[in-house]
Amino acid sequence: MGFDQISLKGRALRLLAGREHSRAELQRKLSPHETEPGELARALDELEAKGFINEQRVLESVVHRRSARLGAARVRQELQAKGLDPQAVAQAVAGLQDSEEARAREVWRKKFGEAPGDANERGKQMRFLLTRGFSAEAVRRVLRGAPAEDAED
């Protein structure tokens, strides 16, 4: 059996061996390989019934892997792109908002480590944190509370 002859279930298991995938992701990635209608749905139903596909694990995996480097907005975006239940996504993201400022501060510290010297630098630091999905309020607090290298005399 050549690589192109691997069953849909085999392909799905190979993808799942790398990381957790949602059913919607597997559907999107494997549909080009479906040879008869309904074949993919049956394979995914079987894998879901056996616990190989588990939306909660996908959710927890993304939150665990990405929350240290990304703000709640970006994590929400990634979870939504995986086609997960909107209510489960909302709950997972709500849990991240409590630690948003602390996570933003840690990302800022690793990247910059010192307060911006001028408005240009401040804008650069703000944009960096905002594109990582941290809330504007958390970004303002981080930059306001950034330890100043040289206090004004």
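Biologist: What share of the contacts with a separation of 6 or more in the protein chain comes from residues 24 or more positions apart?

Modeller: In this predicted model, such residues account for 56% of those contacts.

Biologist: And what makes you trust the prediction, residue by residue?

Modeller: pLDDT is the predictor's confidence, on a scale from 0 to 100. The protein chain has a mean of 90, and 92% of its residues reach 70 or more. Over residues 148-153, though, the pLDDT is below 50, and this stretch has 3 contacts beyond near neighbours in sequence.

Biologist: Which secondary structure does the chain have?

Modeller: There are 9 helices and 0 strands, so the pattern along the sequence reads α-α-α-α-α-α-α-α-α.

Biologist: How do you know how the chain compares with a compact globule?

Modeller: The globule rule is 2.2 Å times the number of residues to the power 0.38. For 153 residues that gives a radius of gyration near 15 Å, but the protein chain has 21 Å. Its C-alpha trace spans about 75 × 30 × 20 Å along the principal axes.

Biologist: Why is a group of residues here called a nonpolar core?

Modeller: The name needs buried residues of the listed nonpolar kinds, joined through side-chain atoms within 4.5 Å. The largest such core has 14 residues, and Leu59, Val63, Val75, Leu79 and Leu84 have the most contacts inside it. Helix 4 (55-66), helix 5 (72-81) and helix 6 (86-97) each supply at least two of its residues, with the largest share, 5 residues, coming from helix 6.

Biologist: What is Val63 in contact with, leaving aside its neighbours within four places in sequence?

Modeller: Val63 is in contact with Val75, Leu79, Ala92 and Leu96.

Technical notes
Residues numbered from 1 in each chain as written. Predicted model: local features only at pLDDT ≥ 70, side-chain atom pairs only at ≥ 80, totals over all residues. Heavy atoms only, no water. Buried < 20%, exposed > 50% of the residue type's maximum accessible area, 1.4 Å probe, protein only. Helix = DSSP H or I, 4+ residues; strand = E, 2+ residues; numbered from the N terminus. Contact = heavy atoms within 4.5 Å.
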